[in-house]
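Trainee: I'd like to learn how to read a structure like this one. Can we walk through it together?

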Amino acid sequence: MDGVTVIDHPLVQHKLTIMRDKETSTAGFRQLLREIATLLCYEVTRDLELSLTEIETPLETMQAPMLTGKKLVFASVLRAGNGLLEGMLDLVPSARVAHVGLYRDPKTLTAVEYYFKAPDDIADRLTIVVDPMLATANSAVAAVERLKERGAKELRFVCLLAAPEGVERFRGEHPDVPIYTAAIDRQLNEKGYIVPGLGDAGDRMYGTK
Ligand code: URA
């Protein structure tokens, strides 16, 4: 599908299967999410710009590649986004972080904002929005809208699982924002959950209900 990258690396798929299993503990789920996030981060940053810089190794001078393109902002859609954020920061510790606090109204399934904070120079950075579950896409669409209002110009969206309905909606609203996901599941159920899915990502991360 145009603008959607499914990261089908065997390590990602194996870890995702353990996360889907309802017997996996809270601690195990959180650890796996962090590990998968590093692998997703590796893929979403694959085309970052490099240029050659002169350095001295203990043996000789060489021209070696260093990152020289746009700096990064990771934008976490609270609260489950924080699970992906940790792994992303493990790989790019110097990235800036934005937080978008949205909750899903259980009746209407629409996104309601309760918190927003982003770096001042977001317009000059590549913004990677992280939220594990792209279900109805209501929160993802709203989060990207807010980030664009705040000045973000170049964005990518990273999730763990997506529903076909969410992918279609998100691409329709934000065709300029590519999606990176570990899997696209069958569908949404009547409560807005991805099936077969893994349940509520926030609850599974934090042991809430
Ligand atoms: N959010 C979740 O955490 N899980 C779903 O299945 C859908 C939305």
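Trainee: Let's start with Leu 134: in which strand is it found?

Mentor: Leu 134 is found in strand E8, which covers residues 133-134. Keep in mind as we go that this is a predicted model.

Trainee: Is Leu 134 buried or exposed?

Mentor: The idea is to count neighbours: a residue is buried if 20 or more other C-beta atoms lie within 10 Å of its own. Leu 134 has 28 other C-beta atoms within 10 Å, so it is buried.

Trainee: And which residues does Leu 134 touch, not counting those up to four places away in sequence?

Mentor: Leaving those out, Leu 134 touches Ala 140, Cys 159, Ala 162, Ala 163, Gly 166, Val 167, Phe 170 and Thr 181. Leu 134 also turns up in the largest nonpolar core, which has 60 residues. Along with Ala 75, Val 129, Val 130, Phe 157 and Val 158, Leu 134 is one of those that touch the most other members.

Trainee: Which helix gives the most to this core?

Mentor: That's helix H2, residues 26-44, with eight residues.

Trainee: You mentioned Ala 75. What is Ala 75 in contact with, leaving aside its neighbours within four places in sequence?

Mentor: Quite a list! Among them are Ala 98, Val 100, Ala 118, Ala 143 and Leu 147. Ala 75 is also in contact with Thr 127, Ile 128, Val 129 and Val 130, and those four sit in strand E7, residues 126-130.

Trainee: How many residues of E7 are buried?

Mentor: Five of its five. With a strand, look at each face in turn. On one side of E7 you find Leu 126, Ile 128 and Val 130, on the other Thr 127 and Val 129, and they are all buried.

Trainee: Which strands does E7 pair with?

Mentor: To read pairing, look for bridges and check the direction. Strand E4 (residues 72-78) is joined to E7 by five bridges, and the two run parallel. Here Ser 76 stands opposite Val 130. E7 also pairs with strand E9, residues 154-158, again in the parallel sense and over five bridges. In that pairing, Ile 128 has Arg 156 as its bridge partner.

Trainee: Now the ligand. Which residues are around it?

Mentor: Start by listing the shell, then sort it by character. The residues around the ligand are Ala 80, Met 133, Ala 135, Gly 192, Tyr 193, Ile 194, Gly 197, Asp 200, Ala 201 and Gly 202. Six of the shell residues are nonpolar, three polar and one charged.

Trainee: Where is Ala 135 found?

Mentor: In the loop between E8 and helix H4 (138-149). Ala 135 counts as buried because it has 27 C-beta neighbours inside 10 Å. Beyond four places in sequence, Ala 135 touches residues including Gly 192, Tyr 193 and Ile 194, and those three also belong to the ligand shell.

Trainee: How do Asp 200 and Ala 201 read: buried or partly exposed?

Mentor: Count again. Asp 200, in the loop between strand E14 (194-195) and helix H6 (201-206), has 15 other C-beta atoms within 10 Å, so it is partly exposed. Ala 201 lies in helix H6 and is buried, with 25 other C-beta atoms within 10 Å. Outside its close sequence neighbours, up to four places away, Ala 201 touches Ala 80, Gly 83, Pro 132 and Met 133.

Trainee: What does UniProt list as "binding site"?

Mentor: In an unreviewed entry, UniProt's "binding site" list includes Met 133, Leu 134, Ala 135 and Asp 200. That annotation also covers Ile 194, Gly 199 and Ala 201.

Conventions:
Residues are numbered from 1 along each chain as its sequence is written. This is a predicted model: local features need pLDDT of at least 70, side-chain atom pairs count only at pLDDT 80 or more; totals for chains, interfaces and linings use all residues. A nonpolar core is a set of buried Ala, Val, Leu, Ile, Met, Phe, Trp, Tyr and Cys residues joined through C-beta atoms within 7 Å. A residue is buried if 20 or more other C-beta atoms lie within 10 Å of its own, exposed if 12 or fewer, and partly exposed in between; C-beta atoms are placed from the backbone. Two residues are in contact if their C-beta atoms, placed from the backbone, lie within 7 Å. A residue is near a molecule or strand if its C-beta atom, placed from the backbone, lies within 6 Å of it. Ala, Val, Leu, Ile, Met, Phe, Trp, Tyr, Cys and Pro count as nonpolar, Asp, Glu, Lys and Arg as charged, and the others, Gly among them, as polar. Two strands pair if DSSP finds at least two bridges between them. UniProt positions are given in the numbering used here, feature names are shortened, and annotations may be inferred rather than shown by experiment.
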